[in-house]
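Subject: Structure for you to look at

Hello,

Here is the structure I said I would pass on. My notes on what was found in it follow below.

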Amino acid sequence: MQSSLGDLLTSRRVVITVGCGGVGKTTVAASLALAAARAGRRVLCLTIDPAKRLATSLGLREMRSEEQLVDRALWATETTPATGALTAMMLDVRHTFDELVGRYAQSPAARDRILQNRIYREVAGSLAGTPEYMAMEKLYALKDDGRYDLIILDTPPTSNALDFLDAPDKMIGAMDSPAIRAFVSAFERTGKLSFSLVSKAMEKVLSGLGTFTGIEFLTQVAEFLSDIQGLFGGFKDRATRVRETMMGRDVAFVLVTSPDPMAVGEAMFFLERLQTSGMNAEGLVVNRVRMADDVAPPSVDRVASLLADAKVEPSTDLAAAFTRAWRDASVWARRDAAEVSRARREMASIPRHIVVPAYENDVLDVSALERVANVLVPAR
Ligand SMILES: Nc1ncnc2c1ncn2[C@@H]1O[C@H](COP(=O)(O)OP(=O)(O)OP(=O)(O)O)[C@@H](O)[C@H]1O
Ligand SMILES: [Mg+2]
């Protein structure tokens, strides 16, 4: 079992951080990007997270959907090879979807009709699975971009990590259901909508589209759905190719989890899904692990002197609270250690395991990213 992700940064084209919400995917992605740039790679960190703190930690005013070169002075050390470069970019779901429409629309006129359609503009970004699919789509488009040696993809904050794998099917499914097809063919037959038709098809179709009413809206829906049918063949082929790319040897998935028992359970489930889908789970990161202080519990005298240092009037209440807090901390640390062992055991098929401690503060600046990076890729 290796305890560094370093070799992935030099041997792969793409590293994707996956895991359930809030476990540290973005933090791990940004830290890996930093480590890779320092190792001399030209790395693109592609995120879907507009998080202000990520931008701040990279010295950027905000995450943008254009590529932004991170100031070398901020992250490079004296030993960083001149080739190293760090670029950050936020995924623009709508724009990526528009590009896809542009590529697969049956004619320029159909493309313009779709792009200008009010329904498309309302729903394109919010259909089920769309952000996840667009993240993979963007990655597919960028993967062979010669400007980068390595792309690190941070996946969206899905409450359910599995959405990521199901995304293409789900997104297409949302637009290509039998109810929608019936609706479209009725529309195409009559050229406009009769009310009996509307009432039959409407409920199902409109359930995902908000609460608009009125015949004008329905006409827009029908037009949109009719035009977009022409895209599905292209979308499906493309989704298949995107998925195949994700299975390549040069794409590594890094599974991130917290030591929370539920999160570990989800990570195990997710690993199974990755493996049955033929994706390469190459790294496991258990993040925010509360570590045991291996020193003995502080003596009463020691507590008294700590309180005196903090200019707090010593009292038995405070001393008791202090001891209690210390004991709680070690209880948590023992629980986390047990979960780390379980994660290691149950996910032993992943060849690299890393345990990142829980730091007192959020990861907010380059030095904090650096600290995480040094755990993910320890100096030899
Ligand atoms: N090891 C750590 N110690 C302390 N704080 C951490 C650590 N790792 C991450 N954090 C903090 O935890 C929060 C969540 O981390 P992060 O945004 O990376 O998670 P995420 O998995 O990307 O979340 P989401 O699913 O919402 O995108 C952030 O505030 C981050 O700074
Ligand atoms: Mg995130």
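**Notes on the sheet and the core**

Val43 of strand S2 has Leu86 opposite it in strand S4. Before going further, please keep in mind that this is a predicted model. The protein has a mean pLDDT of 83, with 80% of its residues at 70 or more. Confidence peaks in strand S7 (residues 281-289), at a mean of 98, and is lowest in helix H11 (residues 195-207), at 51. Where pLDDT is low, the predicted coordinates should not be read in detail.

**Strand S2 and its partners**

S2 covers residues 42-47, and five of those six residues are buried. On one side, S2 pairs with S4 (residues 85-90) in the parallel sense, over six bridges. S2 also pairs with strand S5 (residues 150-154), again parallel, over four bridges. Leu46 takes part in both pairings: its bridge partner in S4 is Met89, and in S5 Leu153 stands opposite Leu46.

**The whole sheet**

Eight strands form an open sheet with mixed pairing, in the order S3-S4-S2-S5-S1-S6-S7-S8. The edges are S3 (68-69) and S8 (353-357); each has a single partner strand, so one side of each has no neighbour in the sheet. Helix H15 (residues 316-346) packs on this sheet and touches S6 (251-257), S7 and S8. The direction of H15 makes about 175° with that of S7.

**Core**

How many residues does the largest nonpolar core have? It has 90, and those with the most contacts inside it are Leu32, Ala33, Val43, Ile152, Val254, Leu255 and Leu376. In soluble globular proteins, nonpolar side chains tend to be buried together. Leaving aside residues up to four places away in sequence, Val43 touches Ala33, Ala36, Ala37, Leu86, Tyr148, Asp149, Leu150 and Ile152. Leu86 therefore appears twice for Val43, as a contact and as the residue opposite in S4.

**Helix H2**

Is H2 (residues 25-38) buried or exposed? Buried: 14 of its 14 residues are, so the helix is largely enclosed by the rest of the structure. Its length also checks out, because 14 residues at 1.5 Å a residue should span 20 Å and the end C-alpha atoms of H2 are 20 Å apart. After H2 comes Gly40, with a positive phi near 95°.

Regards

Definitions and conventions. Residues are numbered from 1 along each chain as its sequence is written. Chains are lettered from A and ligands numbered from 1 in the order in which they are written. A nonpolar core is a set of buried Ala, Val, Leu, Ile, Met, Phe, Trp, Tyr and Cys residues joined through C-beta atoms within 7 Å. A residue is buried if 20 or more other C-beta atoms lie within 10 Å of its own, exposed if 12 or fewer, and partly exposed in between; C-beta atoms are placed from the backbone. Two residues are in contact if their C-beta atoms, placed from the backbone, lie within 7 Å. Helices (H or I, at least four residues) and strands (E, at least two) are DSSP runs, numbered from the N terminus. Two strands pair if DSSP finds at least two bridges between them. pLDDT is the predictor's confidence in each residue, from 0 to 100. The expected span of a helix is 1.5 Å times one less than its number of residues. Axes are lines fitted to C-alpha atoms, for helices over the stretch in contact, and angles run from 0 to 180 degrees between N-to-C directions.
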